[in-house]
Amino acid sequence: MFCSKKKLLEAERIVKANDREYNEKFQYADNCIHTSKYNLLTFLPINLFEQFQRVANAYFLFLLILQLIPEISSLTWFTTFVPLVLVITMTAVKDATDDYFRHKSDDQVNNRQSEVLIDGKLQNEKWMNVKVGDIIKLENNQFVAADLLLLSSSEPHGLCYIETAELDGETNLKVRHALSVTSELGADISRLAKFDGPDTKLMQNSGKTKFKRTSIDRLMNTLVLWIFGFLVCLGIILAIGNSIWENQVGDKFRAFVFWKEGEKNSVFSGFLTFWSYIIILNTVVPISLYVSVEVIRLGHSYFINWDRKMYYSLKATPAEARTTTLNEELGQINYVFSDKTGTLTQNIMTFKRCSINGRIYGEVHDDLGQKTDITKKKEPVDFSVNPQADRTFEFFDHRLMESIKLGDPKVHEFLRLLALCHTVMSEENSAGQLVYQVQSPDEGALVTAARNFGFIFKSRTPETITIEELGTLVTYQLLAFLDFNNIRKRMSVIVRNPEGQIKLYCKGADTILFEKLHPSNENLLTLTSDHLSEFAGEGLRTLAIAYRDLDDKYFKEWHKMLEDANTTTDERDERVAGLYEEIERDLMLLGATAVEDKLQEGVIETVTNLSLANIKIWVLTGDKQETAINIGYACNMLTDDMSDMFIIAGNTVAEVREEVRKAKENLFGQNRTFSNGHVVFEKKEQLEMNSVVQETVTGDYALVINGHSLAHALESDIKNDLLELACMCKTVVCCRVTPLQKAQVVELVKNHRNAVTLAIGDGANDVSMIKSAHIGVGISGQEGLQAVLASDYSFAQFRYLQRLLLVHGRWSYFRMCKFLCYFFYKNFAFTLVHFWFGFFCGFSAQTVYDQWFITLFNIVYTSLPVLAMGIFDQDVNDQNSMDYPQLYEPGQLNLLFNKRRFLICMAHGIYTSLALFFIPFGTFYNMAGEDGQHIADYQSFAVIIATSLVIVVSVQIALDTSYWTVINHVFIWGSIATYFSILFTMHSNGIFGIFPNQFPFVGNARHSLTQKCIWLVILLTTVASAMPVVAFRFLRVALFPTLSDQIRQWQKAQKKARPLHRRRPQTRRSSSRRSGYAFAHQEGYGELITSGKNMRAKNPPPASGLEKTLYNSTSWIENLCKKTTDTVSSFSQDKTVKL
Amino acid sequence: MTWSAAARGAHQPDNTAFTQQRLPAWQPLLSAGIALPLFFCAGLAFIGLGLGLYYSSNGITELEYDYTGNPGTGNCSVCAEAGQGRAPPPTCSCAWYFSLPELFQGPVYLYYELTNFYQNNRRYGVSRDDEQLSGLPSALRQPANECAPYQFSAAGLPIAPCGAIANSLFNDSFSLWHQRQPDGPYVEVPLDRTGIAWWTDYHVKFRNPPLVNGSLALAFQGTAPPPNWPRPVYELSSDPNNTGFTNQDFVVWMRTAALPTFRKLYARIRQGNYTAGLPRGAYRVSITYNYPVRSFDGHKRLIFSSISWMGGKNPFLGIAYLVVGSLCILTGFVMLVVYIRYQDQNDEDEDEQ
């Protein structure tokens, strides 16, 4: 503890490279990852300590101690001891298994091999033995299990590419650059270990795993407190009764009911009685409750693991419930926060369509000339003639290939542009095949498309680009590279072809590019823009493509000006930007491309269905606004039918405030404006109006907010307004948000809306969000593991969320609620009989039942049927749960188990206990048996009430069970059979002969249960207890049927016939006029390319003046770092940058 | 469950009905077709049963006499007066005279009833040692602690039988005399005092300690009788099968009652001329009045009762059945009305559609 505190305060680290002795002085942590909690020796004490920290266990331990005091012990100690030991053992076994798996996973990570420089030699060392300050040699494609400082690499200029899939789930490569001082040193990648083990960025960011609890858990705890209160009340009533009785009646009865030593005072007797009754009545807080809840949840978790409909066969990944304590919360989700990349989308871009010179390619027409969806039956274009084609690429429109063969110059120019204007790097892999290193997957898709259509990008140097045009190698001179940025939303290259013509090729957002076109393009522009709308309507990411012929002289002048601009120091960026603007005009439109950011399968359906289930889906993404909106449209979260879409993108607090204000004005109309100065003043009023407002807002709204604005909004008083606004909207998209902000948004909703939240993501950038949400879901089956490791549930495809929530979640919630209702009912019915009996036994804390019965009732006689119900019950089947998402609503509204329900269960239990006690009481009052012998003795009375109780609660569970599997039958009938067999065994002569004092009920069952009148009593008690329940249920279903009731009836009626018309959500929308522009490009790569920094040394060294200018002009690496650390930076915020 | 077995194993889950939650199941619905007939049938059946129970309970004859001896309630008040405040109270006799105008249909059972006697009080109820009573010699010498303060006598000897229950053994005794002709002599009616205890109690639960030299008295040597007892346990009866711990009165008493008012069987009348019941005539019950109950406002009663197929007289069960049966039918009607109206509504809705 002390150690970790010190580390928090640590301002700087002094590390001597390769000097273990020196570094040891600082006691830096070692690189061993410990997530396990126990070892063999510490298991028992630590685990027991932990277990008794739970209130319930501590309570039962306290009871056990009470029972050991002879003065108040109204029950023998084993009535508490046996269940307590059982409960503790079960939990301990579970904890031990969990920890065993943690040990295994730790070992796996810790034992990975690394090469460390020790004593001047490279030695193999396990990662766990790596120390701070060690110099490590890494080779290509090795795992990195510590935070490292890059010293040098075999790549030129000390560059190295790292994949951060395990951190953020993004598979593209990030560039890191060694310090210039060290970069000259070595050939291979070598690195200095900087932070180890628990100090790594990852471990530090992962934070403490918070113990998540479900709302049912919290409710349960509240109710248990209520029950404690109730118990104390009962105890006090009975204690007062005892004092009065001892004073009034008992005093005259001393000859028989003697005083014990030191107990000769009725008030003191009342005090002792209080504790005695606390012991007897403790079963209202059933010890088996918590264990049973755990068992049920475990069962549900296994069902999730076993579900084949959530098994992704392509990656052989089944769904997994990694936390086994949250299942029923899955049935109560109000908000889903989803990551975009890798979650909604596959992070695969495919070239889908293009419009070249006013003609659309990529649509598939059927025989009648109607546009059809691409189906598997269609024959894809055969690229086999092109030996370098990418096999994975598929295109279904043969006309494009024909156009290429016909030599359409525009088509050729179009594809040439795709092959030239990009930042892709090419490589040959070991098999001699061309491999592209792409920084932006969009570009990868475009270049790959061009490659397959015969315009193959082969290689580049800082000043040339070589492509193969339909079989002929052509080398273009790269004259200028006009890089992409967010304001320009376009990139251009200026190249000189072998014929000597200078051309500017430009691709970018249609909105921007269309303004730069030459006026002669007007017709084509209209046509292309129609096409673009169509593409956008399908949720494709579009880029407009244009070129410009430049004459030599003009270009030289311009280039001179650019060089000048680059050398100046002040306003350099502005001047360069101005020059870019200057040359990128009078463009000739070629067409447009449409790239599909491939959604995961079934995302649209899932989103639609979840919306129908009244679950709000918020997309939180690190992507750009355009990309995010684009995806919003692609998965039907944003539609054109929406009344309005608010975009909040202000850069200052004031701007954001204004934007929020405007949006709210728009939303609520003019009557509900608010001014900044009066926010606090009006807050109360707003709260009051909230409920009204929620009904008055009609129409669907969407909110898009970016990370900057969010940062301002979250830190100021706008927070609540923003939240209010966001919650009114059907869809919320947060773009460019950091992992921390993702978590903040989740926390905001979680804390202020009192809603149950679920976060789903696939990368390490989602970890914080996954951890802060009530439920975190990780997309598994990809390379990154962090999200999955932090998650509570994991599966391979976003679409499984639907099944997880609507089927498993709903069932879990439904079952858990039924279970709790029944459990509380059962224990009230069981325990309160003692209370009624108290009035007739002088409040002497005499139990009604045999102590063995009390011991076994909850854990043997009645546990299995209710467990079976809690695990297997279904009201409607899975298909209908999916088909009728409205069935999900009771969970969100918390209808099936709440305080009101609990009070009903309690009343029901009290009623049953009354029937259980007073019917035998009335019957046995002065009653003789049918053989004339007395039967109104205490033991017979106990047996009759116990038998009635077992039968009554079994009838009740039978009424509650709506899905009788074989297991339910076995458990219910088996429990009754078990009861009778144990009863007869314990009342048998044999066992009495061995333990006469423990089993004094000998012969009782035989004697009592052969009497007709006793069975009549049991029958009457059962019917009297069950009849009102049946009547109430019947009337409720008849008068106020729920959707579930209706579907059940319908399901029963149609058991054999399949549903006639399943509502299939519409997958496509009509097109609309808007820009579908989105691009995953990041600024900075242009400079990297033209400088040649990222190219192999074998490439000719940079020589041209142009290149030099760029190289000298700016510390581009800094730029690059700044810009490429989009997602990672938040992880490294302080320490890495400083170092 | 922290480290996914699945992520490594990567096995497709089994396609069984169990894992896929598709187990064939009976899914009962509470439809009108089931609920309504159930309520009406149950109601009718219960009313039938209730009537049967009620009439058979009413058919039982009971003759009851309170012989507590509160002042002015008969000749037992003398005994009650005499025993006031004296422990042990002196042996005193009193009698109850009654006459039967017609045959008291047999078999006739004689019960005594105590009221306001809390045999179900925990302190009282636990004050016994079942091991001792089952004849274990070790327990005979070392009674269980629960018996305290009736565990050891003042002299330090173990009490046998120990405990408050045994100590408070009911020790009134009764004999029944029949005067066949007016002014004729009273003839003693034979009372069958055997078989009043449960078979298991008499044969299993209560056993005398092993005899020493064939003598029960020697077996109990070194023990003390409970303080309230005038004589030791092996002298409870002269019948060797009915003495010691297996004395039937004792066994009956040791089966403690559930409620503060209770009856215990004293004898059956089924021998000689009385197999058919008690013939008409005058009767006298001679009561040996020992047991003090007035101190705690208790009552002692004597009851002659016959028995029906369902046991002794108690109208409660019959009435309860009638009430529950009627409620079932009433609820059934309410449900029927609701169901019909609801059906109508549904039909209308469908017509509208």
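Which side chains meet in a salt bridge at 2.7 Å, N to O, with R490(A) as one partner? In this predicted model, the side chain of R490(A) pairs with that of E581(A), the N to O distance being 2.7 Å. The pair ties together distant parts of the chain, since R490(A) belongs to strand β19 (residues 490-496) of chain A and E581(A) to helix α18 (residues 572-583) of chain A, the two lying 91 residues apart. The surroundings of the two partners can be read from their accessibility: R490(A) has a relative accessible area of 2% and is therefore buried, whereas E581(A), with a relative accessible area of 35%, is partly exposed.

A second salt bridge in chain A joins R541(A) and D597(A), whose closest N and O atoms are 2.7 Å apart. Here, too, distant parts of the chain are linked, with R541(A) in strand β21 (residues 541-550) of chain A and D597(A) in strand β22 (residues 588-599) of chain A, at a separation of 56 residues. In this pair R541(A) counts as buried because its relative accessibility is 2%, and D597(A), with a relative accessibility of 2%, counts as buried as well.

Further along chain A, the side chains of D1045(A) and R1036(A) meet in a salt bridge with an N to O distance of 3.3 Å. Of these partners, D1045(A) has a relative accessibility of 9%, which falls under the 20% limit, and so counts as buried, while R1036(A), at 36% relative accessibility, counts as partly exposed. Turning to chain B, salt bridges with shared partners join E62(B), E64(B), D66(B), E113(B), R263(B) and R301(B) into one network. Over all chains, the structure holds 52 salt bridges.

The last site to consider is a residue in a loop of chain A. T621(A) is placed between β23 (616-620) and α20 (625-634) of chain A, in the loop that connects these elements. Is this loop residue buried or exposed, given that T621(A) has 1% relative accessibility? T621(A) counts as buried, because a relative accessibility of 1% is under the 20% cut-off. What surrounds T621(A), once its neighbours within four places in sequence are left aside? The contacts of T621(A) are then with D339(A) and K340(A), with A628(A), with the residues C734(A), C735(A), R736(A) and V737(A), and with K742(A).

How values were computed
Residues are numbered from 1 along each chain as its sequence is written. Chains are lettered from A and ligands numbered from 1 in the order in which they are written. This is a predicted model: local features need pLDDT of at least 70, side-chain atom pairs count only at pLDDT 80 or more; totals for chains, interfaces and linings use all residues. Side-chain values use heavy atoms; hydrogens and water are left out. Helices (H or I, at least four residues) and strands (E, at least two) are DSSP runs, numbered from the N terminus. Buried means under 20% relative accessible area, exposed over 50%, partly exposed in between (1.4 Å probe, protein chains only). Contact means heavy atoms within 4.5 Å. A salt bridge is a side-chain nitrogen of Lys or Arg within 4 Å of a carboxyl oxygen of Asp or Glu.
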